[in-house]
Amino acid sequence: MQRTSIEKSQQELHSLTLLLRERLQSGRNLVYYASGREVRDAYFALPFDHVVLVDYCFQKTFNIKKNVITIGLTALQATAVFKEAGIRFDAFVCINEGLWEGGGSYPINGNWSMGTILPVLKEKYLHISCPKYYGHRRWKKMFNLPHQAVLLDDKAEGYINPTVFSDYHHNGNGFCVWQVTKQPGSPASFLAGNRKVTVQRKNIWDDYDVLNSLLVRCSPHEARNLQKVAPKASPLMKTDSNEQILSYCTLHRIEKLGLTPWRGGQYNSFINFLKANETRFPYPKEVYFYHLHQNDFKQLYEFAGVRTELDTELEEELVELSLPETNQEAEGNVFSDSAKTKILYLHGYGGSLIPSKREILEQYGEVISPPIAYLEKKYFCRLLELAKSADIIIGSSFGGHTGHLLSWLFDKPALLFNPAFVTSTPRPDLSGIIFPSFKNSKTCIVLGKKDDVIVYRDNLEYINRRVEQQGMSLISIEEMGHRISEDVFAEQVATFMEVKPGP
């Protein structure tokens, strides 16, 4: 699906805001995020006064046909317009945001995205989605929000047949309809020195007008848009140090700071830093921690003397999906101990790692290069454990595409030669796999301008449109085709490793 430009003029957005304010202030309204560009006949018969379809692939910023309004914006942009217009929807739909086949960048049902969307949904609303699209355990983690959710059957009042919205059920995936009632938790407070610290299971965006600044985890794909639509908000990275956060607050005299989870449950050092540095960093005066998931901020609740009940299944899932912290001391040379470096090499379709290239890689560490039968449905799943235990991933052609997915899933540095982004087959089975919103480690993509197998121009266009640019370097080699010569391979590996090969 071709992605359209998401840069919209302020005049277009203002006109859309006025339109929505005029038409949607009353009545019952439904919003469908990542709807795709098809406007189905069944939408006009839904029991709502207006049906709003949001997908960045719509060519126009907005269009109206009877009671259906299409909006060609990203989820974050559209949500900002809804907030500006003062709209709150009675029903929310997101079934298939194209995470593995349609160019979707992040799960809209995920934590940070739903956090931005919840303020434009009513206190009691209908939630329609497809848990099997994400996998049961991951869905349980994602849908672990401050609410009461009642699963409706097809005989319940208010039930809507979700197959109206998508044909995804043809693949055997079941849809679900919930009646959701928001239920924020009670705040718990304590003092860190003279600073007031409050923690609450609540959506941070509900207090946007109260806070002076919000530091939030955010998909890299939306980081640029975040401050455009929410000027008081800034992306929060896992590598942001205590000193960086407090320096920012002191520089800008931030009285009230809002934070979302960013440290995988480890916050004792941050609280101790607040206490020990009141003179050096007098701001912020008040710190508010907001979380959606039940298990977040356990340490902070303990500081406040509040005992929390943990969902052990979710606790395991959080550990399983957590990203490794960046080792800042070794950041400039993460492969300095070559004897311990595990290199996973993924060959192309019908190929293998030839001995001369294996010798090149073995100068930098232990090399694992399994034979891959790309036509087997479960080939991707068979690589998960190898990728999880590897230190870096290198791949070529189909192995480059597969390496890209695995490196994103496990946050591994990746060197990819002519990755097969623009081929339709073979396609990995990614059902039940949720990719993180962030990748902290670097990616280097090497393309041959004379590649006539994975056509250079098509591959380059895909990378520029759909591959996350943060932390990525792109190298185009004039005389290189699809085959990678030993000289080019050795040179690119050496540059990527940033160290001299071992003896």
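# A walk through the predicted model

Start with everything displayed: of the 503 residues in the protein, 54% count as buried. Keep in mind that what you have open is a predicted model. Colour by secondary structure and you get 15 helices and 20 strands. Switch on a surface and the accessible area comes to about 23,000 Å², with 48% of that belonging to carbon and sulfur atoms. If you like contact maps, take the contacts with a separation of 6 or more: 72% of them join residues 24 or more positions apart.

**Stop 1: the sheet of 8 strands**

Select E1 to E8. They make an open sheet in the order E3-E4-E2-E1-E5-E6-E8-E7, and the pairing is mixed. At the edges sit E3 (62-65) and E7 (147-151), each pairing on one side only. Step from strand to strand and the twist averages 20°.

Now zoom in on E4 (68-71). On one side, E4 runs parallel to E2, joined by 4 bridges; look for Val51 opposite Val68 there. E3 is also joined to E4 by 4 bridges, but this pair runs antiparallel, and Asn63 stands opposite Thr70. Follow the chain from E3 to E4 and you cross a hairpin with 2 residues between the strands, where Lys66 takes a positive phi near 55°.

Show the side chains of E4 next. Val68 and Thr70 point one way, Ile69 and Ile71 point the other way, and all are buried.

For another antiparallel pair, select E6 (residues 121-129) and E8 (residues 176-182), which are joined by 6 bridges. Ile128 is the residue to pick out here, opposite Val177 in E8.

**Stop 2: two helices and a core**

Bring up H1 (residues 10-23). This helix lies across E2 (50-54), E3 and E4, at about 35° to E3. Then add H2, which lies across E1 (29-33), E2, E4 and E5 (89-93) and runs at about 160° to E1.

With these elements on screen, which residues touch the most other members of the largest nonpolar core? Select Leu20, Tyr33, Ile71, Phe82, Phe92 and Phe165; the core they belong to has 61 residues. Its largest share, 5 residues, comes from H2 (residues 75-85). Centre on Ile71 to see one member's surroundings: beyond its sequence neighbours within four places, its contacts include Leu16, Leu20, Val52, Val54, Phe58, Phe62, Ala78 and Phe82. Apart from this core lies another of 26 residues, with Leu246, Leu257, Trp262 and Phe273 among them.

**Stop 3: the sheet of 6 strands**

Hide the earlier strands and select E9 to E14. Here the order is E9-E10-E14-E13-E11-E12, again an open sheet with mixed pairing. The edge strands are E9 (188-192) and E12 (233-235), each with a partner on one side only. Ignoring direction, neighbouring strands are turned by 20° against each other on average.

Focus on E11 and E12, which pair in the parallel sense over 3 bridges, with Val216 opposite Pro235 in E12. Now add H7 (residues 242-251): this helix packs on the sheet, touching E10, E11, E12 and E13 (256-259), and its direction makes about 160° with that of E11. H8 (residues 268-276) packs on the sheet too, touching E9, E10, E13 and E14 (286-291), at about 50° to E9.

**Stop 4: Asn212**

Pick Asn212, in the loop between E10 (195-201) and E11 (213-216). Why does Asn212 count as partly exposed? Its relative accessibility is 35%, and the partly exposed class runs between the 20% and 50% cut-offs.

Leaving out neighbours within four places in sequence, Asn212 is in contact with Lys232, Ile254, Glu255 and Lys256. Draw two distances from its side chain: one to the backbone nitrogen of Glu255 at 3.3 Å, and one from a polar atom to the backbone nitrogen of Lys256 at 2.7 Å. For a C-alpha distance, try Asn212 to Ala233: they are 21 residues apart along the chain and separated by 9.0 Å.

**Stop 5: His347**

Last selection: His347, in the loop between E15 (342-346) and H11 (355-362). Is His347 buried or exposed? It is buried, because its relative accessible area is 4%, and buried means under 20%. Show what touches His347, not counting residues up to four places away in sequence: Ser352, Leu353, Pro370, Pro371, Ile372, Tyr374, Ser396, Phe398 and Gly399. Among these, Ile372 has its backbone nitrogen 2.9 Å from a polar atom of the His347 side chain.

Note on methods. Residues numbered from 1 in each chain as written. Predicted model: local features only at pLDDT ≥ 70, side-chain atom pairs only at ≥ 80, totals over all residues. Heavy atoms only, no water. Buried < 20%, exposed > 50% of the residue type's maximum accessible area, 1.4 Å probe, protein only. Contact = heavy atoms within 4.5 Å. Polar contact = N/O pair within 3.5 Å; in protein donor to acceptor, adjacent residues only side chain to side chain. Areas by Shrake-Rupley, 256 points an atom, 1.4 Å probe, with all protein chains shown as cover. Core = buried A, V, L, I, M, F, W, Y, C linked by side-chain atoms within 4.5 Å. Pairing = 2+ DSSP bridges. Axes fitted to C-alpha atoms, helices over the stretch in contact; angles between N-to-C directions.
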